Amino acid sequence: MSATQPQATSTDLERVWASPPTLQGWLGMVNHKAIGKRFLATGLVFFLLGGLFALLARLQLAYPQLEILDAQAYNEVFTMHGVTMAFLFIVPVLEGFAIFILPLMVGTRDLPYPRLTAFGYWVYLMAGVFLFASFLVEVPDGGWYAYVPFTGPDFSPGFGMDFWLLGVTFLEISAIAAGIEIIALLVKNRAPGMTISRMPLFGWAMLVTGFIILFAFPTLIVGSILLEIDRKVGTVFYNPEVGGSAILWQHMFWWFGHPDVYIWLLPGIGAVSMIISTFARTPLVGYTWVVATTIVIGVLSFGVWVHHMFTVGLPLLTISFFGGASLVFAVASGIQVFAWIATLWRGTIVWSTPMLFSIGAVVTFIIGGLSGVTLGVVPFNWLAHDTYYVVAHFHYVVIGGTVLPMFAAAYYWWPKLTGRMLDERLGKWNFWIAIVGLHLTFLPQHIVGFLGMPRRVYTFLPGLGWEPYNLASTVGVLISAVGVLLFVFAAIKSRWAPLAPPDPWGAGTLEWSTDSPVPNANFERLPIVHSRYPLWEQPSLEEGPEDWARRLDTLTQPGHRMREVVTTSEIDGDLQTIITLPQQSQWPWLTSLMITLALVGVLFDAYWLALAGVVATVVCALGWAWPGRDYDPIDER
């Protein structure tokens, strides 16, 4: 570090990076940690609601011909379970966690476009409220996949599917905003010296995820707009009787939907890789191979959407190609699994709660992957398609690749999120209850699928041999609910736990070099990186070229009143410039509110209100872009 510059105290930095403790400060907050926590807290609420819908659906199917829900209520609950989990829980929570932890992991003080991050959260919140407002009017009932013609104007009149189409379209804007932010951060705002080959594996997973979001989500937006125009205006994009195509919707939805599954899986895989390395006390074996297969999975995810359409009547040669492409995923995923096994073999394992959840995730993901391989075989798919075998496969993959890694990540990074530790004893109970509930719920569904039980039915007749398997699944959901509530209890209990040390696990990546809870400025001085595991392999985070040290010193001078971060080169991580970030801003939440107003107008055919919302949105966008004191130019120091 240069001795020629006086250094600011941590209090100076905290004052610059803190948000005003007022309502205006709360609404205009742009700090990545606060916004990430908001994503996580809101996502947890939606997770509990989605779980409640799943519980209601399973109670209805616990025994033949129950009448807890009628057919219409079941379709509504089934639809809102899928919508909530797929759109309002998994992706927003993964993005929220990335928004919180990635700047710490790559050694910077904030995201490069903080107002865009704030806008993404407000869009997410308002889109979620918009979707759940359907309970006051008419609930969507066409499934989370919204297949036409069932969701078209002829078979789904009313407002239910309009809520789905407008809400999901709005929600995807939030996901795309976060994807752009994550890509920009990981490409241009890594710590000086953090070459692309030194980036943590969770960073690689989120970088690939960000690109998948950018290429996959616009397709769903376009498809949803076309269907909404069919419903509102009377166009015929999806009407085969007059030249449209119902299958077009499936192509557009699954071009989004299959890559979306890997948007769910890749962050979990990245988190598991980091946790296994920490608790095996050794660098991950095959880092380069894991990165390469992560990229391969991201690319291949766009080449298998027809995997979901083997029974719609496409040419056999076409579906054979997509069946073969589906099987390639087993190779890429297998390489990652063998890397984890080799790391465990080489290391000394510490059986903490995050490690237990990670191993449980790996085992569950393998089971789901094996059933996925069977569904990639076209003749078998013809037999199992639309049976509960597919439901079991889907949930094994999603829970093993996403939900269990989320629990592992929560227990692992909780000290950074809150400054305190989750109870290890409760955590182990949480793990075993969750594992028992998971397998009791979904293992029997493989069998009942083989016995011919179709999915998307609200009841079934006695005497088909399905009764014990459905009852076991319902009991499993009840046990899983206990596990979720135990985690909520542990989270609440942690508020009274003592403050955690900076690195309670003995980890090797940069987020553990700063205090718990994390200061507003993240780092008193930005680190310089020379290895993949700097806390294990570097004696100091301040050693580097004299020019770098001098320029980093300028970020800690007393009297600084600007929020500044550095940019680095894309590949080599060489220090390039210092940029100034905006302070508080009210425009993100105002803009999202005006878009919501426009959607309400479209929903109820009040086009004067929709036009007013559009005009107000344009005004907000101009205010956002208007130069002012919060928009300092790039400082080429």
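In the predicted model, Arg 550 has a relative accessibility of 41% and is classed as partly exposed. Its salt-bridge partner is Asp 547, with the closest N and O atoms 2.7 Å apart. Both residues belong to helix H17, which spans residues 546-553, and they are 3 residues apart, about one turn of the helix. Asp 547 is likewise partly exposed, at 35% relative accessibility.

Asp 547 also takes part in a salt bridge with Arg 551, at an N to O distance of 3.9 Å. Here the two residues are 4 residues apart in helix H17, a separation of about one helical turn. Arg 551 is buried, because its relative accessibility is 9% and the limit for that class is under 20%. Asp 547 is thus paired with a partly exposed arginine, Arg 550, and with a buried arginine, Arg 551. Elsewhere, Asp 162, Arg 231, Lys 232 and Asp 605 are joined into one network by salt bridges that share partners.

The structure contains 10 salt bridges. One of them is formed by Asp 423 and Lys 493, whose closest N and O atoms are 3.1 Å apart. This pair connects distant parts of the chain, the two residues being 70 residues apart. Asp 423 is located in the loop between helix H13 (388-418) and helix H14 (424-450), while Lys 493 is located in helix H15 (residues 467-493). Asp 423 is partly exposed, with a relative accessible area of 22%. Lys 493 falls into the partly exposed class too, at 38% relative accessibility.

Helix H15 also holds Asn 470. With a relative accessibility of 2%, Asn 470 counts as buried. Apart from neighbours within four places in sequence, the residues in contact with Asn 470 are Arg 58, Leu 61, Ala 62, Val 448, Met 453 and Phe 460.

The largest nonpolar core comprises 190 residues. Within this core, the members that touch the most other members are Phe 87, Trp 164, Phe 202, Trp 249 and Trp 413. Helix H4 (residues 71-105) supplies the largest share of the core, 21 residues. Residues are contributed by both domain 1 (11-496) and domain 2 (587-635), so the core lies between these two domains.

The surroundings of Phe 87 were examined individually. When residues up to four places away in sequence are not counted, Phe 87 touches Gly 82, Pro 92, Trp 144, Trp 164, Val 168, Leu 171, Glu 172, Leu 220 and Phe 256. A second core, separate from the largest one, consists of 7 residues and includes Val 16, Trp 17, Ala 521 and Ile 579.

On the surface, Leu 611, Val 614, Val 615, Val 618, Val 619 and Leu 622 make a nonpolar patch of about 540 Å². Val 619, one of these residues, is placed in helix H19 (residues 607-625). The relative accessible area of Val 619 is 48%, and the residue is therefore partly exposed.

Note on methods: Residues numbered from 1 in each chain as written. Predicted model: local features only at pLDDT ≥ 70, side-chain atom pairs only at ≥ 80, totals over all residues. Heavy atoms only, no water. Core = buried A, V, L, I, M, F, W, Y, C linked by side-chain atoms within 4.5 Å. Buried < 20%, exposed > 50% of the residue type's maximum accessible area, 1.4 Å probe, protein only. Domains from an automatic or database assignment. Contact = heavy atoms within 4.5 Å. Patch = residues over 30% accessible without salt bridge, like charges linked within 9 Å, V, L, I, M, F, W, Y side chains within 5 Å. Areas by Shrake-Rupley, 256 points an atom, 1.4 Å probe, with all protein chains shown as cover. Salt bridge = Lys/Arg side-chain N within 4 Å of Asp/Glu carboxyl O.
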